[in-house]
Each structure stands twice: as structure tokens, then as C-alpha cells.
Amino acid sequence: MDAFFASVEQRDFPELRGKPVVVGRPVARGVIAAASYEARKYGVFSAMPSMRALQKCPNLIFQPHRFEVYKKVSNQIHQIFHEYTDLVEPLSLDEAFLDVTHNKKGISSATQIAKEIKEKIKQETQLTASAGVSYNKFLAKIASDYKKPDGLFVIKPSQAKFFLDELDLGKFFGIGKVTATKLKEKGLLKGKDLAKLSLKELGQFFGKNGLFFYNIVRGIDLRPVVSERIRKSVSVENTYEIDLKTKFAVITELYRLEKRLMSDIERLDVKGRTVTLKIRFNNFKTLTRSKTLSVPTNSYEDIQKASRALLKEIELGEQGIRLIGIGISNLFDNHQTENLQLEMDF
């Protein structure tokens, strides 16, 4: 989707249309969750600190997030996807891979399917989407970003090598700004430069992902579209505008986070074995502590007991705290948990 959160705000509040809008809060530690294309013209993008965004665009309009609304719209869009295929792999609320090789409507052209889906999304949500069409996930992802907003770009097998050879490395999905800068310092600017490196040399740049980049720069990506992902953890966290400086304040916030975590656990209908506590001080030093329980749980009392035990392991001192997070991992759904218990009892 194109600037999804911000576009939903502009759709629902017509007075915001054509104006630089961001989803976030104009506070010292605020972060931009989404930026409209009007805001992007000023150099404002998602994940940017709010204060920096205001410096770039003093007339920036901040909208508080409405995640329940965004989820509802996302569900509408996924219903459209499933009219064509059940092989839908969500990446986030506003992005997904679709495998339409064998689609429900028997349409032989993936490009035609992309056009139809874009039109349906526009009709049913009044929002625009960009689509990338190709023979593998990496190229489809690159293509989807190539003609935003409201774009449709196709990379055919016969075009892949030339396209990748001439593609700036900074536009390769998986290469961030820091890595792109390091590559540039080595004189590596485009895909064709990366393709000259051996697997060993790529391993020096990308570690265990060296093989992945060795393949994708040659147009090879064998990852299937996976319609159901196994959730590995559930977590919540909060960054505070004013540092927490007393143990009472920390315990109060931890209580609120535990309640939020329980709400997510109940919604997802899961249990977990490992509770993790994260605390970040105002000097950005971050400490994490984990405790693995003997059996999976979705009990508030169990999670609270574990989190308080973990808190005792962290020396709070007089340093202010800017972030607290709590999560649970080693998850099981109720059916898995029952099976596990049966095996254990047997």
C-alpha cells in the first residue's frame, strides 16, 4: 500500500488531503510511523524522529495513530487477495506476497491479476496500492517499490539480469544505508559490481546472508510464498517522553505493559514458556533478562511473577529509564499445548 497509515488518515479526514501529513506525535521522543507523499517531498519519512521531521517541514500535520482502523482496512485488502489465491504471505499490515501461479480465477497473466487487485482495492477502500510482478519474491519486492505511488511494474525473466545489473545497491531489499555506504566506499555501486564478488567476499560483507546475496544478484530466489507463518513471540514495549527515575514508576509501567501483553496473548490464543524483560536506560544501554518456565502458560499471575523476578535481576541505580519492554516466546497454540501435555503426562 502507498503511505498506508497516512493515506487512511487523508481518506477519512478530507481536510488533510494534499497536505504534508504524518502519523505520530510531535514530542521529543516521538517517531514517525508513516508519512504522506506530500510530507516526503520535504524529506520526511517513516522511522524519522518527530523533532527532525518538524525541522524539515515546520507545517507538518501530526495525526495520532488508529491501529484498529488500519487493521480493519488491511483485512479488507486481504479478503481481496484471497479472491484470487490462498497463497498470501503477509509481511506487515500494508504489504504481502501473493503466488498467483495457480489462481482461483484461472487468469493466465499475473499482470492482469495485479491490475484487477489494484482496481478492487481502489473501489473498496478508496486507497491506492503499488504492485510488483516477477518470477520470484525478491524481484517482485523490488518491482513493487519501483513505480510508487499507484504503480505497477513487471520484471520478466528475460529482463532480470539487465535490471539487477543496473540497480543501485541501496535499492536492494536487505541492504540498509550503513551497508550501502560501506559498499560504496569499496567502489561497489550497482548489482553488476556485487555480481563480480565471490561467495567468500560476499560473506565478508553480509555474514551468513552472503549466499542469499550471491543468488539474488543473479536473479535466483527459491523462497516459496508461505501462507501461514508460525509466530515465535509476542511482545509489547513503550518509550517514555520523560525518563522513569523511581522503582515505583518502573513497577507501575511494567504493570501496564503486562496487561497489554495479556490482551495480545488472549487475542492470539497462545501460551508461552519464556518471559523476557527489556530495559533501556537514557544513555541507550539496553539490558534484557529471560526466564523459561517449566510449562507453557497464558496466566497473568505466572507472567507477572516471572517479570518481577527478572526486574530484581537488573540494577536500576539512579540512571533514568527511557524504554521498558516485556514479551513471551516459545509459543504454543492451545491445540499444541494440549498435545504437549498429553505427551508429557503419558
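**Exercise 1. The whole chain**

Among contacts in the protein between residues at least 6 apart in sequence, what percentage join residues at least 24 apart? Then describe the overall make-up of the predicted model.

*Solution.*
- Start with the contacts. Of those between residues at least 6 apart in sequence, 59% join residues at least 24 apart.
- Next, the elements. The protein has 14 helices and 11 strands.
- Then the extent. The C-alpha trace spans about 60 × 60 × 50 Å along its principal axes.
- Burial follows. Of the 346 residues, 41% count as buried.
- Last, the surface. The accessible surface is about 19,800 Å², and 52% of this belongs to carbon and sulfur atoms.

**Exercise 2. Salt bridges across the sequence**

Find how many salt bridges the structure holds. Then work through the E95, D150 and K190 pairs, giving partner, distance, location and accessibility.

*Solution.*
- The count is 21 salt bridges.
- Take E95. Its side chain meets that of K141 in a salt bridge, with 2.4 Å from N to O. E95 sits in strand 5 (residues 95-98) and K141 in helix 6 (residues 137-146), so the pair links distant parts of the chain, 46 residues apart.
- Classify both ends. Buried requires under 20% relative accessible area. K141 is at 10% and therefore counts as buried. E95 is at 25% and therefore counts as partly exposed.
- Take D150. It bridges to K118, with the closest N and O atoms 2.8 Å apart. D150 lies in the loop between helix 6 and strand 7 (152-154), while K118 lies in helix 5 (residues 110-125), 32 residues apart.
- Classify again. D150 is partly exposed at 45%. K118 is buried at 14%.
- Take K190. Its partner is D168, and the closest N and O atoms are 2.9 Å apart. K190 is in the loop between helix 8 (177-185) and helix 9 (191-195); D168 is in the loop between helix 7 (160-166) and helix 8, 22 residues apart.
- Both ends are partly exposed: K190 at 25%, D168 at 35%.
- Finally, look for shared partners. E9, R11, D12 and R66 are joined into one network by such salt bridges.

**Exercise 3. A sheet of 3 strands**

Which strands stand at the edges of the open sheet of 3 strands, and why does one side of each lack a neighbour in the sheet?

*Solution.*
- Write down the order. It is 2-1-3, with mixed pairing.
- Read off the ends. Strand 2 (34-35) and strand 3 (61-63) stand at the edges; each has a single partner strand, so one side of each has no neighbour in the sheet.
- Check one pairing. Strand 1 (residues 21-23) runs parallel to strand 3, over 3 bridges. For V23, the bridge partner in strand 3 is Q63.
- Add the packing. Helix 1 (residues 4-12) packs on the sheet and touches strand 1, strand 2 and strand 3. The directions of helix 1 and strand 1 make about 120 degrees.

**Exercise 4. Helix 6**

Is helix 6 largely enclosed or largely open? Identify its buried residues, its cover and its N-terminal cap.

*Solution.*
- Count first. In helix 6, 8 of the 10 residues are buried, so the helix is largely enclosed by the rest of the structure.
- Name them: K137, F138, L139, A140, K141, I142, A143 and S144.
- Find the cover. Among the covering elements are strand 4 (88-92), strand 5, strand 6 (131-133), strand 7, helix 7 and helix 11 (210-216).
- Inspect the start. N136 caps the N-terminal end, with a side-chain oxygen 3.3 Å from the backbone nitrogen of F138.
- Connect to Exercise 2. K141, one of the buried residues of helix 6, is also the salt-bridge partner of E95.

Notes
Residues are numbered from 1 along each chain as its sequence is written. This is a predicted model: local features need pLDDT of at least 70, side-chain atom pairs count only at pLDDT 80 or more; totals for chains, interfaces and linings use all residues. Side-chain values use heavy atoms; hydrogens and water are left out. A salt bridge is a side-chain nitrogen of Lys or Arg within 4 Å of a carboxyl oxygen of Asp or Glu. Helices (H or I, at least four residues) and strands (E, at least two) are DSSP runs, numbered from the N terminus. Buried means under 20% relative accessible area, exposed over 50%, partly exposed in between (1.4 Å probe, protein chains only). Two strands pair if DSSP finds at least two bridges between them. Contact means heavy atoms within 4.5 Å. Axes are lines fitted to C-alpha atoms, for helices over the stretch in contact, and angles run from 0 to 180 degrees between N-to-C directions. A polar contact is a pair of N or O atoms within 3.5 Å; within protein, one must be able to donate a hydrogen and the other to accept it, and residues adjacent in sequence count only if both atoms are side-chain atoms. Accessible areas come from the Shrake-Rupley method with a 1.4 Å probe; for residues, only the protein chains shown count as cover.
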